[in-house]
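Subject: Structure handover

Hello,

Here is the structure you will be taking over. Please open it alongside this message. My notes follow below.

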Amino acid sequence: MRKLATSMTALATLFIATQAQAEDVEVLHWWTSGGEAAALNVLKGDLESQGIGWQDMPVAGGGGTQAMTVLRARVTAGNPPTAVQMLGFDILDWAKEGALADLNILAGMEGWDAVVPEALQQFAKHDGKWVSAPVNVHSTNWVWANKAVLDELGIAVPTTWDEFVAALEAVKASGKTAIAHGGQAWQDATVFDAVVMSTGGLDFYKSAFIDLDEDALGSDTMKEAFDRMGVIRSYVDDNFSGRDWNLATAMVINGDAAFQMMGDWAKGEFLNAGKVPDQDFLCFRFPGTQEQVTFNADQFAMFAQGPEVGKEQAALATAILSPSFQSAFNVVKGSVPARTDVSNEAFDACGKKGMADLKAAAASGNLVGSMAHGHANPASVKNAIYDVVTAHFNGEYDSAAAVDELVTAVQINK
Ligand code: GAL
């Protein structure tokens with residue numbers, strides 16, 4: 001009885017807090033491209049309409065590596081931002097340090113447990129407590145194509161690795177760039193997610209990246225995956241090094257390149273440029289991964305400012321989890337909702353496919369966390385894998401050496 005009364009009081013306090021005049025939120029994020037900024041404006045607008053000010057703290061750099069470095073510096077200086085865009089294991093790492101606010105009362109009031117997919121809850125909860133608000137579900141095993149370029153060259157959507165290589169060859173022969181790619185470690189790793197899944201299949205991907213099994217990491221299958229990365233490398237243009245991902249997407253949008261392998265945030269760039277799926281561009285799963293989804297979900301973690309979650313933090317979390325926001329935001333961002341009860345009506349063809357793929361993959365056990373985006377292993381391991389993949393992509397190692405380096409790097413960092 002006493003326990004009930006205490007939690008009722010806490011509930012009432014929180015309710016009053018969320019209703020009261022809130023402070024500004026300071027939000028650290030890496031959504032700086034045109035499509036990402038357009039999506040972020042949906043969230044800013046939502047909060048501003050509730051009278052909550054938005055202090056923007058953007059840290060450019062896809063995948064969030066730089067943002068996480070800035071975050072560490074801010075926390076070390078004793079001045080963490082109110083809310084931080086975060087992925088997978090990073091959320092759990094900060095929760096273990098006791099840095100994140102407890103969102104359990106809010107989550108209970110709003111019934112998050114019943115609507116957020118289990119795969120996301122694994123990263124949104126620590127010790128049974130909600131510590132972050134899931135914004136979306138992205139996935140990394142997509143290919144984006146310029147439809148006019150494919151039509152002109154008579155290229156059908158490739159469904160196997162061999163068909164894909166034949167398509168790349170046909171584009172190269174036409175004088176265009178076959179693959180638009182940005183040579184940054186996280187982008188190389190994003191391609192590697194799909195290549196490893198396609199080369200070895202679901203169980204292999206899990207053994208290598210989730211279980212960090214040495215036999216899988218050191219196998220001939222892994223060597224084959226590196227060989228395929230070498231094939232991909234032979235179809236990118238000479239200026240790929242250091243290029244930002246959205247500039248690579250622009251090459252496909254403009255018809256300078258045929259394909260980009262990238263998560264579905266790339267769709268936000270196409271939409272921002274006024275392009276329409278199936279008309280101007282195509283989205284399809286990386287050949288050989290049609291049944292699988294390698295996901296990454298953006299979440300906003302709230303840094304604890306005191307014993308109670310801040311009222312502006314609660315308001316932000318409530319806004320993020322609302323079904324109408326989940327639809328409006330994800331339609332623009334290229335991702336799909338982080339709730340299972342949102343209609344697909346407002347979504348375009350790629351969004352509808354993304355939602356259907358996610359549902360099917362979750363039901364069949366084919367939904368697995370993205371290594372490249374921090375949903376397979378902690379940052380220390382992820383970064384060690386990045387280093388090997390990038391060094392190989394840039395010709396520092398052949399495939400056999402890359403396999404050896406991978407085993408060693410994971411052993412040292414896990
Ligand atoms: C991912 C993030 C996406 C997108 C992408 C490129 O890590 O989950 O939302 O922003 O980086 O910046």
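Start with helix α16. Its buried residues pack against α2, β6 (132–134), β7 (138–139), α14 (266–272), β13 (298–302) and α15. The helix covers residues 323–333, and the buried positions in it are Phe325, Gln326, Ser327, Phe329, Asn330 and Lys333. Gly334 follows α16 and has a positive phi, near 100 degrees. Please keep in mind that this is a predicted model.

Two partners of α16, namely α2 and α15, also pack against each other. Helix α2 spans residues 34–48 and helix α15 spans residues 311–321. Their axes lie 10 Å apart, at an angle of about 125 degrees. An angle between 115 and 145 degrees counts as oblique, so α2 and α15 are oblique to each other. Their crossing is right-handed. On the α2 side, the contact uses Leu43, Asp46 and Leu47. On the α15 side, Ala315, Leu316, Ala319 and Ile320 meet them. By type, the residues of this contact are six nonpolar, no polar and one charged.

Next, the pair α10 and α18. Helix α18 runs over residues 379–393. How do the axes of α10 and α18 cross? They cross at roughly 110 degrees and come within 10 Å. The range from 65 to 115 degrees counts as roughly perpendicular, so that is the relation of α10 to α18. From α10, the contact draws on Ala185, Trp186, Asp188, Ala189, Phe192 and Phe209. From α18, it draws on Ile385, Tyr386, Val389, Thr390 and Phe393. The contact of α10 with α18 divides into nine nonpolar residues, one polar and one charged.

Now the cores. The largest nonpolar core has 75 residues. Which of them have the most contacts inside it? They are Trp144, Phe192, Phe209, Met222, Phe226 and Phe259. Helix α10 (residues 185–210) supplies the largest share of this core, 13 residues. A second, separate core has 48 residues, including Val25, Val115, Ala319 and Ala361. Ala319 is also one of the α15 residues that meet α2.

Met222 deserves a look of its own. Leaving out residues up to four places away in sequence, Met222 touches Phe192, Val196, Phe204, Ala208, Phe209, Ala216, Leu217, Val403 and Leu406. Phe192 and Phe209 appear again here; both also take part in the contact of α10 with α18.

Two loop residues are worth checking. Most residues other than glycine have a negative phi. Asp127 has a positive phi, near 55 degrees. Leu212 also has a positive phi, near 55 degrees. Asp127 sits in the loop between β4 (125–126) and β5 (129–130). Leu212 sits in the loop between α10 and α11 (214–217). Are these two buried or exposed? Asp127 has a relative accessible area of 70%, so it is exposed. Leu212 has a relative accessible area of 10%, so it is buried.

One last residue is Thr177, in strand β9 (residues 177–179). Its relative accessibility is 18%, under the 20% limit, so Thr177 counts as buried. Apart from neighbours within four places in sequence, Thr177 is in contact with Val171, Tyr235, Asp237, Met251, Asp256, Ala257 and Ala258.

Best wishes

Definitions and conventions
Residues numbered from 1 in each chain as written. Predicted model: local features only at pLDDT ≥ 70, side-chain atom pairs only at ≥ 80, totals over all residues. Heavy atoms only, no water. Core = buried A, V, L, I, M, F, W, Y, C linked by side-chain atoms within 4.5 Å. Buried < 20%, exposed > 50% of the residue type's maximum accessible area, 1.4 Å probe, protein only. Helix = DSSP H or I, 4+ residues; strand = E, 2+ residues; numbered from the N terminus. Contact = heavy atoms within 4.5 Å. Axes fitted to C-alpha atoms, helices over the stretch in contact; angles between N-to-C directions. Parallel < 35°, antiparallel > 145°, perpendicular 65-115°, else oblique. Left-handed = near helix turned anticlockwise from the far one by under 90°. Nonpolar A, V, L, I, M, F, W, Y, C, P; charged D, E, K, R; others polar.
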